[in-house]
Amino acid sequence: MPEGPSRTAEYVATFRAIESVRPESDRLFSDPYAECFIDGVRTFGARVARNQLGQKLVCRYIDRNWPGSRPSLVIRTRLIDDAVSAAIDAGAEQLAILGAGYDTRGLRLPAAKGIRVFELDQPPTQERKKRLLKQRDGELPSNVTYVPFDLLEEGVGAPLERAGFRAGLKSVYIWEGVLSYLTPEAVDQTLAWVTASGAAGSRLVFTYIDVALLNEGGEDEPPWSAQVAKVGEPFRYGLDPAQMDEFLGARRLKPIWDLSTAEALEKHPVPGGRNAPDFYRVAEAEVLPG
Ligand SMILES: C[S@@+](CC[C@H](N)C(=O)[O-])C[C@H]1O[C@@H](n2cnc3c(N)ncnc32)[C@H](O)[C@@H]1O
């Protein structure tokens, strides 16, 4: 269990805050809550980014120091927003966000506001999130249930079911920016819970890193891989995109789509997107009948 709130979750919120102040016609999403989760130099950066020149300077600074990480985060946020909204429109009755960090989809996606949302994270990050949201809005959202939990320490099912998550309903699960920090056992156990708890047709949207990145390392390793390791959250788990059908099929999941963030940015360009890496991927899968 970490001693403090997740630093990587705060980096994610910073990039979302910066995207959210881009002109409405260009930005890929708006997360008006993101700014309340950041502080210090990150808040300063998000404020400077509010005008066009500031935006250019701030993005250039980030993209030079952590090439590809910001556009990669922006596009993954948009792809997941769209997939989750579509799954709810198609009948999902509850949303579980595993390793939620400062994800605010339960508050900002119109479709998600109408269903129960369960956010699961380690207590230090979750407590900080609740405190800052209360400070911002005076209260916590009534459709969101916060479940403190460590994916590496206990089975995922019992705490969520105790919190009111109902097994057997058509559900949607988000697992964004988390797999790379887990062990193979924790990944398997979580996927087994997803397929056991969600009705056939439930959707899982997740991100992962291509295992080739972990195998290669060395000079080709992107700078942000070293950066996340420096703040105590090193990448340690990856999957092989070429083996994805087999990997998911063996776990009663059917692949729907699987894109590198570089591929996705070709469809939804963002400034600086040319640097997005191929190794960071976003995918969606469907729970098959048991
Ligand atoms: C990079 S952040 C992503 C946060 C969020 N999913 C998003 O994309 O905005 C990683 C998150 O995974 C959570 N996390 C990492 N290891 C975990 C574990 N063992 N159990 C529960 N949460 C974990 C961290 O606390 C953090 O909130």
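## Around the ligand

Sort the shell around the ligand by class and you get 9 nonpolar, 7 polar and 5 charged residues. Here Ala, Val, Leu, Ile, Met, Phe, Trp, Tyr, Cys and Pro count as nonpolar, Asp, Glu, Lys and Arg as charged, and the others, Gly among them, as polar. Of the 21 residues around the ligand (a heavy atom within 4 Å of it), R16, G99, D121, L151 and E176 come nearest. Helix α1, residues 7–20, gives the most to this shell, with 4 residues; helices are DSSP runs of H or I, at least four residues, numbered from the N terminus.

This is a predicted model, where local features need pLDDT of at least 70 and side-chain atom pairs need 80 or more, while totals for chains, interfaces and linings use all residues. Residues are numbered from 1 along each chain as its sequence is written, and side-chain values use heavy atoms, without hydrogens or water.

## Polar contacts

Now for the polar contacts, meaning pairs of N or O atoms within 3.5 Å. R16 puts a polar side-chain atom 2.8 Å from a ligand oxygen, and a polar backbone atom of G101 sits 3.3 Å from an oxygen of the ligand. On the nitrogen side, an N or O atom in the side chain of D150 is 2.9 Å from a ligand nitrogen. Taken alone the ligand exposes 590 Å², and the protein buries 96% of that (Shrake-Rupley method, 1.4 Å probe).

## A look at T190

T190 is part of helix α9, residues 184–197. Is T190 buried or exposed? T190 counts as buried because its relative accessibility is 0%, and the cut-off for buried is under 20% (1.4 Å probe, protein chains only). Setting aside neighbours within four places in sequence, T190 is in contact (heavy atoms within 4.5 Å) with L98, L151, V156 and W175.

Technical notes
Helix = DSSP H or I, 4+ residues; strand = E, 2+ residues; numbered from the N terminus. Buried < 20%, exposed > 50% of the residue type's maximum accessible area, 1.4 Å probe, protein only. Polar contact = N/O pair within 3.5 Å; in protein donor to acceptor, adjacent residues only side chain to side chain.
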